[in-house]
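Open the model in your viewer and keep the selection prompt handy. The stops below move from strands to cores, and then to a pocket.

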Amino acid sequence: MRPDLIATRENLLLRGAVAAHEMEDSIALAQGASCRHAFLETDFDSARRTAASPAVAAKPLAGLAVSVKDLFDIAGQTTAAGSAVLADAPPAVIDCPAVARLKATGAGVIARTNMSEFAFSGVGVNPHHGTPANPADPATPRIPGGSSSGGAVSVATGAAFIALGSDTGGSIRIPAALCGIVGFKNTARLTPTEGALPLSTTLDTVCAMTRSVRDAILAHEILAARTVTRSHVPLAGYRLAVAKSAMQDDLDATVARAFDRALKTLRDAGAHVEEIALTEIRELGSIQPAGGFAAAESYAWHRELLERKGAGYDPRVRVRIERGAAIKAHEYIDLIRARADWIARVQAALLGFDAVLSPTVPIVAPPIAHVAPANGVDPAKDAARDEEFFRVNALLLRNPSAINMLDGCAISIPCHATGELPAGLMIWQSAMRDDTVLNIALRAEAALQKTRSGNS
C-alpha cells in the first residue's frame, strides 16, 4: 500500500516538489486491472494540471489524487448516482460544497466513482456499470461493499488518497471494513449535503475514506471546515464499552477472531474495556416498519422518476424505494418520535463511556458471484442470488446503521491480521463526540498496527 496522504505530502515538501509524479502513479493505478469498474468518469488531464501547479504545493492536499462518488455535483459533469435513468440529466453548473472544499485545499480530482445505484445497498454491486472487485483478494472476486464501492477500491488500490462518499446506513464504513481501509462517518450536521443526490435527508452524511486515521482527520477538517481538537490522552485514559447485544450476533470466524484480538490489544495497551448489554439496539427493527426513513424519503424524491423510467432501475433498488409508498404520514411522524426517544435512551446507557467498540460488519466480503444481479439465463439461480443479496445486505447494514439512527459518529479501522481477509473495528459514540472518537481511533490504530507488525 502507498504511504498515506500526510506522509506523501511531507515527502513532497521535504524535496520541494509538486505532486505531478505522484499523480502519474495514481493515474497508472486507476487504469490498472485492480480498478476495473471502479470509475464511471475520469478527468485525468484536469487532475494533472492541478498536481503540476506550484500554487497547490503548500495546500493541505497538495495536488494529490482524490476520487468523488457519483452522488456529488462537479461542475460540467452529470450526477447520475450510479444509475442508468439519470445518464441524460444535464451536467451540474457548479461544484457542490464538499467538492469545492476539497478543490480549494488542493485536491486533484481524478474521477467519479462507481456506487450502488442511488446509494441504496451496502453490498456494492451495480448491474449497469459492473461491480469493482475488492482488492483484498486477487484470487476470488469479492464484493467491495457499498454504497461507496468504487471509492473504497480507489483508496485500497492506491489510486486515490481520499475518496469522497456518503454514509446513510454504513455506506462509508462497510466498504472501508471489507476493503481494509479507514472510513469515518461524522455527525451528520457537521458536513454540507447540498449538491449531493439524497437517499435519506434524515440520515445522509457526507464523509470520506482514507488509508489512515490521521488522513481521515484531515479530510474531515476540510469537509466540515473545522479543526479537530487533538488530545494526548493515552488509551489508558479512556473508558470503552463493548456493545454485546445484537452487534456481536452471527459473526463469522474471521471477524470474531479479529474482534477478540483487537479487544485484547486495546486492553493490553491500557484501555478500560467493559461489556454492556445495550439491548436498545435490538429495538431498531420494530421502530422502523416498512423500510424506515430511507424508504419514505427516497420514495418522495424518486416517485416521479419511477413513473417515467422505473423499468430502468436496478430491480433490487426499486423494490426497496417503492416500500416507501406504503408508509403513511402518521407512521412517519411516529418514527421521528420513536427515534428521538430511542436516542435519549441509548445516550443514557452510554453515560460514562468515551466510546463504544463493535465489529463494523459481522462478515468478511463474500464472492461477487454469490450476490450478482440477475441475468435472466436461469431464473432459479437469479432468485437464489437475490435471496443471498438481501441476506448479506441486511447483515452488512445491521451494525453501522444503528449509528446513523443514533445521529452519531463512528469510524471503522482495520483490525485483521496479515494474511486474513479484512475486518473492521468500529469505534463510535452519539452526536458531536467526533473529536473523542477520532482521538481514540488514532491510539487504537497505532496499537493494532504494532500488533500486526509483530505478528507478521
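Which residues of β6 are buried on one side, and which on the other? Val206, Ala208 and Thr210 lie on one side, Cys207 and Met209 lie on the other, and all are buried. In a regular strand, side chains point alternately to the two faces of the sheet. Keep in mind throughout that this is a predicted model.

**Stop 1: strand β6**

Select residues 206-210. Five of the five residues of this strand are buried, so β6 is largely enclosed by the rest of the structure. The cut-off behind that word is under 20% relative accessible area.

Now add the pairing partners. Select β4, residues 162-166: four bridges join β4 to β6, and the two strands run antiparallel. Label Ala163, which stands opposite Met209 of β6. Then select β5, residues 182-185. β5 pairs with β6 over three bridges, in the antiparallel sense. Here Phe184 has Ala208 of β6 as its bridge partner.

**Stop 2: the nonpolar cores**

Show side chains for Phe39, Leu61, Phe72, Leu102, Ile110, Phe118 and Leu164. These have the most contacts inside the largest nonpolar core, which has 59 residues. Helix α7, residues 213-224, gives the largest share of this core, with four residues.

Centre on Leu61. Which residues does Leu61 touch, not counting those up to four places away in sequence? They are Leu5, Val66, Leu102, Thr105, Gly106, Ala107, Ile162, Leu218 and Ile222.

Next, select Phe259, Leu263, Val273 and Leu442. These residues belong to a second, separate core of 36 residues.

**Stop 3: strand β7 and its partners**

Select residues 239-243. Four of the five residues of β7 are buried, so this strand is largely enclosed by the rest of the structure.

Add β8, residues 272-276. Five bridges join β7 to β8, and the strands run parallel. Arg239 has His272 of β8 as its bridge partner. Trace the backbone between the two strands: the chain leaves β7, passes through helix α8 (residues 253-268) and arrives at β8. This β-α-β crossover is right-handed.

Now add β9, residues 355-359. β7 and β9 also pair in the parallel sense, over three bridges. Leu240 stands opposite Ala355 of β9.

**Stop 4: Ala271**

Select Ala271, in the loop between α8 and β8. Is Ala271 buried or exposed? Its relative accessibility is 7%, so Ala271 counts as buried. Expand the selection to its contacts: leaving aside neighbours within four places in sequence, Ala271 is in contact with Leu235, Ala236, Tyr238, Leu240 and Leu266.

For the jump to the next region, draw a C-alpha to C-alpha distance from Ala271 to Ala394. The two are 31 Å apart in space and 123 residues apart in sequence.

**Stop 5: the largest pocket**

Rolling a probe the size of a water molecule over the atoms shows where empty space is left. The largest pocket holds about 820 Å³ of space. To find it, select Gln288, Gly291, Arg320, Leu397 and Ser401. Among the 32 lining residues, these lie nearest the centre of the pocket.

Which elements give two or more residues to the lining of the largest pocket? Colour α9 (284-287), α10 (292-309), α11 (315-322) and α14 (379-405). Finish on α14, the source of the largest share of the lining, eight residues.

Definitions and conventions: Residues are numbered from 1 along each chain as its sequence is written. This is a predicted model: local features need pLDDT of at least 70, side-chain atom pairs count only at pLDDT 80 or more; totals for chains, interfaces and linings use all residues. Side-chain values use heavy atoms; hydrogens and water are left out. Buried means under 20% relative accessible area, exposed over 50%, partly exposed in between (1.4 Å probe, protein chains only). Two strands pair if DSSP finds at least two bridges between them. A nonpolar core is a set of buried Ala, Val, Leu, Ile, Met, Phe, Trp, Tyr and Cys residues joined through side-chain atoms within 4.5 Å. Contact means heavy atoms within 4.5 Å. A crossover is right-handed if, with the strands pointing away from the viewer, the path from the first strand over the helix to the second runs clockwise. On a 1 Å grid over the protein atoms alone, a cavity is a set of points where a 1.4 Å probe fits but cannot get out, and a pocket is an open set with protein on both sides within 12 Å along at least five of seven lines; lining residues have an atom within 4 Å of a point. Grid points are joined across faces, edges and corners, and a volume is the space filled by probe spheres set on the points.
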